[in-house]
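Dear colleague,

I am passing a structure on to you, and I would be glad if you could look through it alongside the notes that follow. They are arranged by region, so that you can move from one part to the next with the viewer open.

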Amino acid sequence: MTHTVETSINGLALSIETGKVAKQADGAVVVRYGGTIVLATCVSAKSAKEAQDFFPLTVEYRERAYAGGRIPGGYFKREGAPVKKETLTARLIDRPIRPLFPPGFRNEIQVVCLAISGDQQNDPDVLAMNGGSAALCLSGIPFGGPIGAVRVGLVDGKLIANPTTAQQAVSNLELVIAATEDAVLMVEAGANEVPEETVLEAIAFGHAECRRLARVQRELVERAGKPRWAFDAGAGRDTELEARVRALSAEKLVAALALHEKQARADAVTRVLDEVMQAFGADESRKAAVREAFEAVEKAEVRRLIVERGMRVDGRKANEIRPISIETSYLPRAHGSALFTRGETQALVAATLGTKSDEQKIEALEGEFYRHFMLHYNFPSFSVGEVRRFGSPSRRDIGHGALAERAVEAVLPSKEEFPYTIRIVSDILESNGSSSMATVCGASLALMDAGVPIKAHVAGIAMGLVKEGERFGILTDIMGTEDHYGDMDFKVAGTEKGITALQMDIKIAGVSIDIMRGALKQAREARLTVLGKMREVLEKPRPELSPYAPRFVTIKIRPEKIREIIGPGGKIIRGIQEQTGTKIDVEDDGRVTVFSPDNESVQKALAIIQDICREVELDRIYLGKVKKIVEFGAFVEVIPNTEGLLHISQIAESRIRSVQDVLSEGDEVLVKVIEIDGSGKMRLSRKMALRDQPALADKEKLRNPSASHPPRD
């Protein structure tokens with residue numbers, strides 16, 4: 001039996017339907033909004049694997065090419081590995097639902113969302129977030145939802161829920177929020193230097209919309225939900241073992257956690273764990289339980305120090321930033337670079353400038369488009385002293401890179417001002433928390449070091465939260481231990497004027513607006529401090545580009561001339577590039593940009609292009625070249641690739657029998673343009689050119705001896 005619930009967002013109906021498709025999944029819904037449709041499903045294993053000490057939740061999101069009415073590119077012509085948008089959307093779905101499963105639940109769960117129709121106006125990502133929540137709630141799996149999710153835009157000073165693609169293009173804010181009816185769980189935002197209070201208003205506005213979406217999901221569950229699984233989070237707990245582990249480790253852990261250096265602290269904690277393990281003997285069956293109990297004691301002690309004593313494991317105050325050191329131009333051949341170190345987190349960031357041919361082609365539901373700015377984040381295992389397989393970028397790498405990219409993109413110059421393709425790469429060389437925010441700071445410095453005229457420096461800071469009952473502590477510049485054992489990871493990036501990017505993840509059932517207000521206030525104070533440190537090293541963009549970066553000159557030509565520059569199959573433009581050693585970009589509006597580190601090469605290429613685009617003027621005299629002789633005259637190339645007809649009657653003052661009596665192919669000859677018709681065809685006259693400019697006649701004779709021969713009888 002089919003059941004459907006419906007609500008309205010931004011004046012458009014949003015419906016959630018269950019019971020018609022994918023009925024063998026534990027939960028399945030179809031979410032419709034305009035012409036965009038998402039199928040969301042969930043399936044869970046009926047029991048947990050033995051000795052499994054983590055929660056195996058996987059979330060997949062895919063956009064089918066047929067949803068946008070297109071066939072995939074590439075050799076195989078089918079969808080392959082997830083693209084960046086799909087990976088980021090899967091993370092958006094995962095992050096708010098993960099903390100809502102009960103502690104100790106270890107059954108494997110897979111949530112799969114497919115975008116099966118796209119109207120190119122309404123993004124399917126927030127529909128998938130709502131669909132994933134609804135599918136889980138319907139399945140009976142122990143889950144603390146439902147959650148609602150919306151995108152919030154700011155257009156002409158007005159907040160809009162689920163703005164269309166056209167509205168997003170002019171919005172100063174793009175904020176995605178997920179929340180239960182009671183509290184906010186996740187926020188992801190990009191903004192054009194928007195003030196903190198405006199962001200808070202957007203979060204409150206979005207939360208109100210989320211409540212409505214959560215309520216309609218609850219209504220659907222009441223109609224069609226499966227019986228809830230019985231699950232006791234406390235079942236199987238060995239309280240006696242936990243008490244013994246606490247007695248053996250608590251005091252020693254407090255001493256170990258007092259060590260301020262990360263590696264020394266980690267080594268001390270490991271020694272305490274080893275002692276506890278030895279106390280329990282060689283019983284392999286109990287090792288996992290002992291380790292879990294030990295981590296619970298460590299977590300409790302870290303949190304207790306923060307909430308009760310206001311102490312952090314590295315000795316800092318709650319609002320204190322770790323020491324910062326900065327070095328720019330660290331890499332001699334990169335176009336711009338910075339080594340940014342904050343505490344035990346270090347990012348090596350490099351900026352590279354390229355041309356239009358370096359842009360990234362994106363295939364999406366909305367069609368094809370190109371990106372001229374990219375930021376890539378890498379987290380090698382040596383940065384945390386681990387041995388791990390070196391493979392392709394992880395979801396975390398892609399997510400951190402996207403956050404930093406969004407933070408910096410707001411201050412970049414327009415493509416018209418600075419027609420380079422820009423790529424930034426951040427390699428994390430050392431990590432103890434906040435590596436994505438170190439990337440933001442390093443990226444801003446690298447861009448300025450490269451001479452990119454960005455509007456202002458951008459800095460990022462990661463905030464944390466530890467909440468016990470009504471007591472809580474907000475932490476500035478969190479490190480790895482505080483992220484692992486804390487309740488919130490709240491990353492805020494921006495300029496002095498306002499926020500450019502924001503990401504918040506919650507590990508508890510949610511936080512209030514008041515806590516977020518306090519975190520944003522503390523984050524702004526920290527951000528201004530970091531910005532001050534950055535300006536001390538590099539106040540503004542360098543006036544000159546790196547000597548290894550391509551220079552450019554842009555000129556404007558008539559769009560009708562573009563095909564003449566390109567030539568058949570690109571032959572002409574390739575020839576110019578090979579001849580001059582430059583790169584040439586041609587835009588549809590007639591903008592031509594020539595790139596090369598060598599200014600002489602740029603000028604040479606421009607001269608060739610200008611010759612090709614030069615237009616013939618009526619009544620002007622030119623020194624042309626005879627390209628072809630015919631019975632009734634000659635075709636003379638006046639300027640490159642532009643010929644006109646020199647009729648036999650216009651060659652000389654007196655009548656001549658044959659064109660060859662005066663001219664030969666290859667001769668240079670003075671001609672005057674006497675007519676240009678509507679189709680661009682030209683009539684030329686040599687006799688009028690010589691009559692108007694008699695002083696030039698001798699020069700023509702010197703260049704072309706055949707032109708001085710008298711006509712034959």
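A good place to begin is Pro146, which sits in the loop between α2 (125-139) and β7 (148-155). The peptide bond that joins Gly145 to Pro146 is cis, with an omega of about 10 degrees. Please keep in mind throughout that this is a predicted model, and that what I describe below was computed from it.

Two other loop residues caught my attention for their backbone angles. Ala22, in the loop between β2 (12-18) and β3 (27-33), has a positive phi of about 50 degrees although it is not a glycine. Asp477, whose place is in the loop between β19 (471-476) and α10 (480-485), likewise is a residue other than glycine with a positive phi, in this case near 55 degrees. As for their surroundings, Ala22 counts as partly exposed because its relative accessibility is 33%, while Asp477 has a relative accessible area of 0% and is therefore buried.

A further loop residue to look at is Val387, which lies between β16 (373-378) and α8 (395-409). Is Val387 buried or exposed? Its relative accessibility is 85%, so Val387 counts as exposed. If you would like a sense of distance from there, the C-alpha atoms of Val387 and Arg322 are separated by 27 Å, and the two residues are 65 apart along the chain.

The helix that follows this loop, α8, packs against helix α9 (residues 435-449). Two packed helices are described by the angle between their axes and the distance between the axes. For α8 and α9 the angle is about 45 degrees and the axes are 9 Å apart, which means that α8 is oblique to α9, since the angle falls in neither the roughly parallel, the roughly perpendicular nor the roughly antiparallel range. The crossing in which α8 passes α9 is right-handed. On the α8 side the contact is made by Arg396, His400, Leu403, Ala404, Ala407 and Val408, and these meet Ser435, Ser436, Met437, Thr439, Val440, Ala443 and Leu447 of α9. Sorted by kind, the residues of this contact comprise 8 nonpolar, 4 polar and 1 charged.

Next comes strand β21 (residues 499-506), in which 8 of the 8 residues are buried, so the strand is largely enclosed by the rest of the structure. Strand β10 (residues 184-194) runs antiparallel to β21 and is joined to it by 6 bridges; in one of the pairings between strands, Glu188 has Gln503 of β21 as its bridge partner. Strand β20 (residues 488-494) also runs antiparallel to β21, with 7 bridges between them, and Gly494 stands opposite Ile499 in β21. The connection from β20 to β21 is a hairpin through 4 residues.

Further along the chain there is an open sheet of 3 strands, in the order β22-β24-β23, with antiparallel pairing. Which strands stand at its edges? They are β22 (551-556) and β23 (583-586), and because each has a single partner strand, one side of each is left without a neighbour in the sheet. On average, and with direction ignored, neighbouring strands of this sheet are turned by 15 degrees against each other. Between β23 and strand β24 (residues 591-596), which run antiparallel, there are 4 bridges, and Ile584 has Val594 in β24 as its bridge partner.

Helix α14 (residues 599-613) lies across β22, β23 and β24, and runs at about 150 degrees to β24. The same helix also has a helical partner: the axes of α13 (residues 571-580) and α14 come within 9 Å and cross at roughly 150 degrees. An angle over 145 degrees counts as roughly antiparallel, so α13 is roughly antiparallel to α14. Their crossing is right-handed. In α13 the residues Ile572, Ile576, Gln579 and Thr580 meet Ser601, Lys604, Ala605, Ile608, Ile609 and Ile612 in α14, and this contact divides into 6 nonpolar, 3 polar and 1 charged residue.

With best wishes

Terms used. Residues numbered from 1 in each chain as written. Predicted model: local features only at pLDDT ≥ 70, side-chain atom pairs only at ≥ 80, totals over all residues. Heavy atoms only, no water. Buried < 20%, exposed > 50% of the residue type's maximum accessible area, 1.4 Å probe, protein only. Axes fitted to C-alpha atoms, helices over the stretch in contact; angles between N-to-C directions. Parallel < 35°, antiparallel > 145°, perpendicular 65-115°, else oblique. Left-handed = near helix turned anticlockwise from the far one by under 90°. Contact = heavy atoms within 4.5 Å. Nonpolar A, V, L, I, M, F, W, Y, C, P; charged D, E, K, R; others polar. Pairing = 2+ DSSP bridges.
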